[in-house]
Amino acid sequence: MLIITLYKAVPARTTKIVTVGGVLRREEMDLVMNPFDYKAVEAADYLKRAFGGKVVSLTMGPDFKLKSIASNLFDAPVEGVDESYILSDRRMAGADTWATAYTVSLGVKKIVETHLSAVDELLSLLRSDGSAESFAEKARELYEKNLVPNAVYSTLPTLRGATLAERLLGGEISREEAVRLLEKIRKEVEKFIVIAGIKTSDGETGSTGPQVAEALTGMLGKFIPSVTYVRELEADPEAGNVYVERKLGDYIQKLRVPLPCVITISTDYRPRTPQLKLKKRARLYSYAKKVMDSVVWNADMLGADPQLIGLAGSPTIVGPGIDVGSPPVQKFVGKTLVFSNRVEEFEFNGKKYGPFERLAKADELPQEVLEHLKGRGLVKVFSLEDLVEELFGVRVSVAREH
Amino acid sequence: MQENTEYRDVWVYCEVQDGSLTRPTTEVLAGARKIADKMGMKVVGILVGYNLEKIAREPIYYGADRVIVCDSPLLKSYQAIPYTYVLSDMVVKLKPWAFLFIANEIGRELGARVAYRTMTGLAADCIDLLVEDFVMHTPQGTKVFKDCIAQVRPDFATRIAKIFTPRHRPQMSNIRPGSFTPLPRDENRKGEVVQWNAEIPPEAFAVEVIEERSLPKSTIKLEEAKVIISLGLGVLKDANGNPRNPLEAYRYAEKLAEAVRQRLGVATEIGASRALIYSNIKELEGLVVKDRQVGQTGKTVAPDIYIAAGISGAIQHRVGIMRSKKIVAINTDPQAPIFQIAHYGIVGDLYELLPKLVDLLGGSGG
């Protein structure tokens, strides 16, 4: 299986956010991997160990900031990812979820196409008059580039004699048979899966996963399913399906989802233990190695429409921020001065004050007026009893009789 | 660029459960009513599913002027692809000015897909909607977009921002449950119900629903409570810094809740901060559960009275409670940010104050 995990780098500390006009300046902050995306890597890792394939990580953002995060993923959490792709371009900055989904989907498409064209190269060799030797040579080259699985070519001792290249060289299988087997491998690449976290800790929208499915729907010209909040995941790569369980509010949905598809993994997900009987298959469909250098693609390499990426391609615009303000009147128990009873309008030093309701705040009156009221026992410190009265409408003397 | 003037009306994607509209649906209908009235537009309820005949008028009773119903046995179970297909088709043909969803599992996925398909923006997790002019400054000059929706949402976990979709229509958002107060159900409200016939291509049904089963419903209804007493990490220690058994604090909160129920006869619940829930405190196992979480990643609440006991009030928590009519903060630290938005502050120990409050309300105190 070609397993593509999406992840995002988010600000390490919410206290040190750098924004310009509401747009995060990721290049100026300490970044960490979005915590929700670890679940996606766990699920990807499970699929690889259970069914074979390779885990490719894909992200978008300034590459010089992302490379260290990408390299951490090579050994996390179990077998880790095998390859890393970073979409990095100044023109991609300031993207909202629409522009992000568009850009990331172009990345997904390019990763899939790269793998498909490797298989196609071999297929065309088989279909032309190329010798078995030249086929094996090409297979070795592509295998070393990590583009074809062990089933095609391998240096693993456990698979000696079992690869397509060796069987073709040894005359065990015909060219037609080899074509059939390669086409099966091609189909597996076509039936890729994209896995993401349910949301990010900075934006929290949860929109990107479904929008990537929608973007791929447009780019590939067929409906691409999205399944969010997946808590259980199984696969049947031979049939090209995954089986998922998701929680939708108060109910659970179990689905059979044809590949390719996009899923987002819930924090409730726990990977299972792969079945031993699948081990051989997993080995055959795995790839040579981890390619530890991140591949960086810019907008031109993706063939992105400059009008649809970054700030330019974002339908939404972040407007001004609002402060979470203080309420107009604040009273502190044991501190705030309030009227102990209703006080009708009165005059003091030629100025009119009031009327005041019982428990109205008196703090803001001029000092001499306060002294005057205090002297007459009309103000007091706001008490817990007063709070109960004001909140619940319960005069405490009444409550005590209860 | 699309010509924006031909886009009209505020659409609400309505969700049905057990034969009635869900509460968040009625909330979003009220939010839609608010902006539609400012714009002189209609509120349109969108119902997609199967066997909707009986419920078709319900959105009207909660404030809609019109309901568009797409009723088909093929749409019995929620599935992203056919539902997206139906809604996108409606949007393209009928051109709504705004389209609102609920910020839950279904609304987030469906809204996101429809927004992408129809090439418009989506503001997620909105807590309020306002109508404002949007002024855009570009190197080419300043442009004013009249009457846009300011989609208010918590942003980057540190502030609240207004999100605008000035150049594209419809303006789409998903709204956090608890953000609006539903209009009272009124069967005398007038409105029309129209049927929508969708021709969905068979390939749209490639995903197979193998099983659907209901989970036991949570009995904790934070969004509907009139009084919420919430606990935070302050339960771990008293004012003198001595460790306390958090279960004791929980029992006080329970007693206070019971006393409030007795005195006021209103729905009262116990809430908790994210910090307390994620601490997985053994003594509170099974009591302080995820369904009690208040705040940006938990539930947005708007009770008449919100009592925050031992909660320092991170911005995520404050955002989740800012619509409460009266906020009472109990905290030993006078600098705790929770006091910034509290109507009533008590600097003190919750282990002393909660039992006192129970006592003052005539309950059996601690």
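**Which strand does E14 (residues 227-231) of chain B pair with in the parallel sense, and over how many bridges?** The partner is E15(B), and the pairing runs over 5 bridges. This is a predicted model, here and in every view below.

**Figure 1. The parallel sheet that takes strands from both chains.** 6 strands line up in the order E15(A)-E18(B)-E17(B)-E16(B)-E14(B)-E15(B). The sheet is open, and its pairing is parallel. Its edges are strand E15 (331-332) of chain A and strand E15 (268-272) of chain B. Each of these edge strands has a single partner strand, so one side of each is left without a neighbour in the sheet. Within the E14(B) and E15(B) pair, B:Leu231 stands opposite B:Ala272 of E15(B).

**Figure 2. The mixed sheet, with a strand of chain B at one edge.** 10 strands form this open sheet. The order is E13(A)-E7(A)-E6(A)-E1(A)-E8(A)-E12(A)-E9(A)-E10(A)-E11(A)-E13(B), and the pairing is mixed. Strand E13 (295-297) of chain A and E13 of chain B are the edge strands, each pairing on one side only. From one strand to the next, the twist averages 30°.

**Figure 3. The strand junction between the chains.** Strand E11 (residues 251-258) of chain A meets strand E13 (residues 208-214) of chain B. The two strands run antiparallel and are joined by 6 bridges. A:Leu255 has B:Val209 of E13(B) opposite it.

**Figure 4. Strands E1(A) and E6(A), with helices packed on the sheet.** Strand E1 (residues 2-6) and strand E6 (residues 54-60) of chain A run parallel, joined by 5 bridges. The bridge partner of A:Ile3 in E6(A) is A:Val55. Helix H2 (residues 63-72) of chain A packs on the sheet. H2 touches E6, strand E7 (83-87) and E13 of chain A, and its direction makes about 160° with that of E7(A). Helix H3 (residues 97-127) of chain A also packs on the sheet. H3 touches E1, E6, E7, strand E8 (193-197) and E13 of chain A. The direction of H3 makes about 150° with that of E6(A).

**Figure 5. Two loop residues flanking H2 of chain A.** A:Pro62 sits in the loop between E6 and H2 of chain A. A:Val81 sits in the loop between H2 and E7 of chain A. Are they buried or exposed? A:Pro62 has 19 C-beta neighbours inside 10 Å, so it counts as partly exposed. A:Val81 has 27 C-beta neighbours inside 10 Å, so it counts as buried; the cut-off for buried is 20 or more. Setting aside neighbours within four places in sequence, A:Val81 is in contact with A:Thr5, A:Val41, A:Val55, A:Val56, A:Ser57, A:Leu73 and A:Phe74. A:Val81 and A:Ile4 are 77 residues apart along the chain, with C-alpha atoms separated by 9.3 Å. For A:Pro62 and A:Lys361, 299 residues apart along the chain, the C-alpha separation is 54 Å.

**Figure 6. Helix H7(A) against helix H4(B).** Helix H7 (residues 208-220) of chain A and helix H4 (residues 105-117) of chain B pack at an angle of about 35°. Their axes are 8 Å apart. The crossing is right-handed. From H7(A), the contact uses A:Pro210, A:Gln211, A:Ala213, A:Glu214 and A:Ala215. From H4(B), it uses B:Glu109, B:Ala112, B:Arg113, B:Tyr116 and B:Arg117. By class, this contact has 5 nonpolar, 1 polar and 4 charged residues.

**Figure 7. The side of chain B that touches chain A.** 73 residues of chain B are in contact with 62 residues of chain A. H4(B) gives the most to the chain B side, with 9 residues. That side divides into 42 nonpolar, 11 polar and 20 charged residues.

**Figure 8. Domains of the two chains.** Chain A is divided into domain 1 (2-308) and domain 2 (337-401). The centres of these chain A domains, taken over C-alpha atoms, are separated by 68 Å. Chain B is divided into domain 1 (4-205) and domain 2 (222-360). The C-alpha centres of the chain B domains lie 34 Å apart. In chain B, 11 residues of domain 1 are in contact with 10 residues of domain 2. The domain 1 side of that contact has 5 nonpolar, 4 polar and 2 charged residues.

Conventions. Residues are numbered from 1 along each chain as its sequence is written. Chains are lettered from A and ligands numbered from 1 in the order in which they are written. This is a predicted model: local features need pLDDT of at least 70, side-chain atom pairs count only at pLDDT 80 or more; totals for chains, interfaces and linings use all residues. Axes are lines fitted to C-alpha atoms, for helices over the stretch in contact, and angles run from 0 to 180 degrees between N-to-C directions. Helices (H or I, at least four residues) and strands (E, at least two) are DSSP runs, numbered from the N terminus. A crossing is left-handed if the near helix is turned anticlockwise from the far one by less than a right angle, and right-handed if clockwise. Two residues are in contact if their C-beta atoms, placed from the backbone, lie within 7 Å. Ala, Val, Leu, Ile, Met, Phe, Trp, Tyr, Cys and Pro count as nonpolar, Asp, Glu, Lys and Arg as charged, and the others, Gly among them, as polar. Domain bounds come from an automatic or database domain assignment. Two strands pair if DSSP finds at least two bridges between them. A residue is buried if 20 or more other C-beta atoms lie within 10 Å of its own, exposed if 12 or fewer, and partly exposed in between; C-beta atoms are placed from the backbone.
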